[in-house]
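Here are a few exercises to work through with the viewer open. Try each one before reading its solution.

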Amino acid sequence: MIERILLAAAMAAAVFYAARFYSLRRGLRSSRRLMEEINGRRVTNQKLILTAPDRELERLLETVNQGLENARLEQVVYCGREKEFRRQIANISHDLRTPLTSILGYLELLEDPDLSEMERREFLNVVRRKAEALQELISAFYDLSRLESGEYSLDPERTELYGLLCETLAAFYEDFQTAGLAVETCISQERVFVTADKKAAKRVFFNLMQNILNHGTSQVRIEQRREGAEVITTFSNMVQGMRQEDVPRVFERFFTADEMRTGQNTGLGMTIVQKLLTEMGHQVDASLTQGEDGDWFTVRIAWRAERQADKGSGKK
Amino acid sequence: MEEKIAVTRQLCKRYGQFTALAPTDFELKKGQIMGLVGRNGAGKTTLLKLLTGLTDPTGGTMALFSGETPSELSRARKRMGIIVEAPAFYPNLTAAQNLEYYRLQKGIPERSRIDYVLTEAGIESTGKKKYKDFSLGMKQRLGIALALLSDPDILILDEPLNGLDPMGIVEMRSLLQRLNRQRDLTILISSHILSELSAIATNYSFIEQGRMVEQISAEALHEKCRRYVEVKVDQPQKAAALLERELKCDQYEVLPGGVLHIYACLEQPEKIAAALVGGQIALSVIQSKGADLEQYFVDLVGGERRA
Amino acid sequence: MIFFGACAVLLVLTSLFMRNTEPFNNTSVSLALTLNTFNMVSLLTIGVADMVFCNEYKNQTFKNALAYGYSRNAIYLGKFATEVIFAFGIAIAVFGIYLLSVFLLLENPPEARPMVESYFLLLLGSVPVWLGCLALAHLCLFFVRGGTAASFLFAGLLVIPDSVFALLGMKEGFGPFCTAIRENLLWNQIGHMTTPMMMTGQMLTPDQLIHPALVGLGHMVVLLLIGMALFRRKEI
């Protein structure tokens with residue numbers, strides 16, 4: 001009796017393990033086939049699934065799936081960049097096309113022999129202005145792309161900010177007046193030195209003031225002072241209709257406050273500012289404070305000041 | 001190279017004498033968010049059931065991911081995430097338990113996937129609540145979670161926005177858009193409310209009484225529903241000429257009853273008014289209008305019923 | 001689950017009670033007492049099947065599996081296989097506990113040997129019959145909405161044919177035909193095996209198991225095939 005029970009048990013065990021073995025082999029084969037399918041596809045989210053109840057197989061599939069997912073995520077990033085790139089190309093061609101079309105239109109008008117001298121001069125002025133704007137755009141974009149690929153050569157030297165700021169301010173003074181902007185300044189007369197490329201720093205100030213000119217509504221406030229190991233320069237202007245969500249995007253390429261891109265903005269000014277400053281090792285950020293009398297948009301640059309050397313004989 | 005995810009040729013379904021779906025040619029391409037629009041009972045669910053294999057067709061053929069044989073279709077369906085009719089789950093299990101059941105059934109090895117889809121769908125904090133105690137919105141979200149569980153390449157959703165509150169609709173829409181962008185997920189959504197879909201759909205299919213009435217891209221649809229300025233004048237011909245001469249505008253339509261639809265100067269209808277009045281044309285109505293999508297659909301369907 | 005647990009407990013309790021009751025306190029008596037419950041077990045298969053089936057229709061949850069690409073045959077047979085495993089598990093648990101209690105608590109004299117052997121053979125022979133019943137239960141659950149209605153249908157299909165053919169057999173000329181049918185009905189198989197044991201004290205022999213086994217397995221296969229065919233055409 002006992003032998004028969006043992007025999008039955010042994011047979012049952014044999015059948016059981018044979019079944020498990022067979023099912024495991026089938027599971028491996030189907031997983032392999034599925035993997036081949038996934039490999040053959042360009043883009044897919046599909047992952048391997050467990051077709052035989054085996055713990056080790058499950059763990060293996062989990063690891064393989066993790067690998068697949070990593071590859072997929074990289075693909076997503078890559079595609080995202082491609083799309084972004086194409087979008088930028090589209091933006092550029094749009095930006096170039098509009099002034100060019102307008103220039104061509106005016107040139108056509110200039111061919112009219114019945115044009116008065118005044119009209120002719122006016123048209124020519126328009127054409128010149130638009131061509132210059134085009135040139136500016138192209139050069140801005142060129143600079144930006146060089147900055148991004150690290151080819152823009154910056155020549156850091158001991159730069160004095162007070163003088164630079166005042167210089168740029170003077171250049172813009174008339175434009176601010178004409179635009180009806182009331183400028184308030186609070187610039188410390190202390191001579192502060194930072195390590196920066198002179199031209200780049202000038203460009204930073206220039207772009208920021210240009211931005212104010214384009215977007216400022218009534219009041220402008222420019223400040224500069226030393227704060228410990230930093231020199232803080234702030235440019236604030238009143239704005240209308242700006243939202244908090246726009247603030248972090250201000251430094252993005254081609255971001256302009258008006259989505260229709262009907263103005264003269266390249267949308268690259270702020271981007272260049274940020275890139276230049278970061279390249280030189282300084283920091284910049286933007287903020288929007290909403291008050292009852294209006295909203296203030298502020299750009300704040302934190303320059304790393306040079307150690308104040310003895311006046312006259314510098315260590316550098 | 002755009003892959004055709006689903007193609008049907010003369011696919012039809014009859015229940016005895018009743019034709020639920022007339023022979024239909026339908027196409028769904030990769031990366032689209034297709035809105036399947038139709039009134040209740042128009043045949044949307046029938047089409048979805050045919051695509052997902054819940055019902056067998058009475059005629060016609062269907063290809064999913066370029067596979068037509070039953071075994072290929074079966075393998076293709078493993079790449080689909082679906083909700084058809086209401087979501088169905090076991091009432092006495094919690095959300096996580098329900099998903100665990102299906103995770104095992106589908107053979108998905110990663111246990112962490114469950115938490116991931118619960119968070120994506122927005123119901124990560126139901127804890128021990130049993131499915132039978134869920135609100136309608138939560139049930140819908142669990143349905144979406146299940147659809148996402150297998151990391152599909154295509155989602156087929158039958159009226160997924162049903163029962164969601166406005167906040168939920170916004171979340172669901174942004175979720176679907178994000179998945180479409182980031183994971184290349186093709187989405188087929190059916191709804192009888194066109195405005196729900198209009199924010200995210202890239203293509204539309206209109207279905208009425210079992211017949212596919214129109215398949216159109218979102219841009220084309222918006223083009224057809226363009227905004228215009230409507231004016232009612234006493235001398236339409238003179239008005240038209242005036243528009244051409246004064247405003248250099250040639251995009252307009254003359255309709256009976258002295259009505260003109262002008263597709264320019266949309267932001268400044270007063271210019272149109274000034275020009276017309278200046279030309280001594282009596283102007284009785286001037287309005288900015290746009291055929292909204294619902295109106296388009298109603299017209300389309302109404303026309304179909306008359307036909 | 002609770003029900004089956006209660007069964008196991010009750011059976012153990014009977015063994016306990018019998019411990020001290022001479023001359024009943026031996027295994028053969030105790031085992032014999034349960035002989036007529038075997039037919040009841042056939043009816044209980046619907047309970048097992050229902051547990052596994054989980055109200056799929058009420059909850060409409062079939063579509064989740066179907067839309068994933070699992071074929072209808074796979075679903076039908078898969079659920080059946082689970083029911084079989086469950087049934088085996090429960091049977092082993094309940095019978096196992098009972099037998100264990102019997103052997104441990106009661107005396108096992110040599111004259112009880114034949115009874116014990118028969119009992120095991122009976123168990124062995126009943127398994128195919130129970131499988132057949134399970135297939136019938138499976139069929140009923142799949143095609144009738146609601147567990148309760150399905151249970152009634154199942155019980156009816158299991159028990160009634162016997163009486164029907166018995167009545168029919170009384171009519172002129174139908175006698176032999178009906179008896180032949182009755183010989184092969186599921187419901188009667190266990191009776192074939194247990195009745196001789198109960199009535200005449202005759203012990204079971206292995207060759208007596210063949211007929212019930214064939215009937216049981218035959219029913220199972222046929223019922224499964226019918227079920228699969230019907231399920232293919234069902235709308236979800």
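Two residues count as in contact if their C-beta atoms, placed from the backbone, lie within 7 Å. Keep in mind that this is a predicted model.

**Exercise 1.** Work out how many residues chain B and chain C each bring to their contact, and which elements of chain B take part.

*Solution.* Start with the head count: chain B puts in 19 residues and chain C puts in 14 residues. Next, look for elements of chain B that supply two or more residues to its side: these are helix 2 (70-77), strand 5 (80-83) and helix 3 (95-106). Finally, sort that side of chain B by type, and you get 10 nonpolar, 5 polar and 4 charged.

**Exercise 2.** Find the largest nonpolar core and say which helix gives the largest share of it.

*Solution.* This core has 71 residues, and B:Ala121, B:Leu142 and B:Ile156 are among those with the most contacts inside it. The largest share, 8 residues, comes from helix 5 (residues 136-149) of chain B. Now zoom in on B:Leu142: skipping neighbours within four places in sequence, its contacts include B:Pro87, B:Phe89 and B:Phe134.

**Exercise 3.** Describe how helix 3 and helix 7 of chain C pack.

*Solution.* Get the geometry: helix 3 (residues 38-53) and helix 7 (residues 113-143) of chain C pack at about 45°, axes 8 Å apart. So helix 3 of chain C is oblique to helix 7 of chain C. The crossing of these two helices is right-handed. Last, check the residues in their contact: 12 nonpolar, 4 polar and 1 charged.

Notes
Residues numbered from 1 in each chain as written. Chains lettered and ligands numbered in written order. Predicted model: local features only at pLDDT ≥ 70, side-chain atom pairs only at ≥ 80, totals over all residues. Core = buried A, V, L, I, M, F, W, Y, C linked by C-beta atoms within 7 Å. Buried ≥ 20, exposed ≤ 12 C-beta atoms within 10 Å, placed from the backbone. Helix = DSSP H or I, 4+ residues; strand = E, 2+ residues; numbered from the N terminus. Nonpolar A, V, L, I, M, F, W, Y, C, P; charged D, E, K, R; others polar. Axes fitted to C-alpha atoms, helices over the stretch in contact; angles between N-to-C directions. Parallel < 35°, antiparallel > 145°, perpendicular 65-115°, else oblique. Left-handed = near helix turned anticlockwise from the far one by under 90°.
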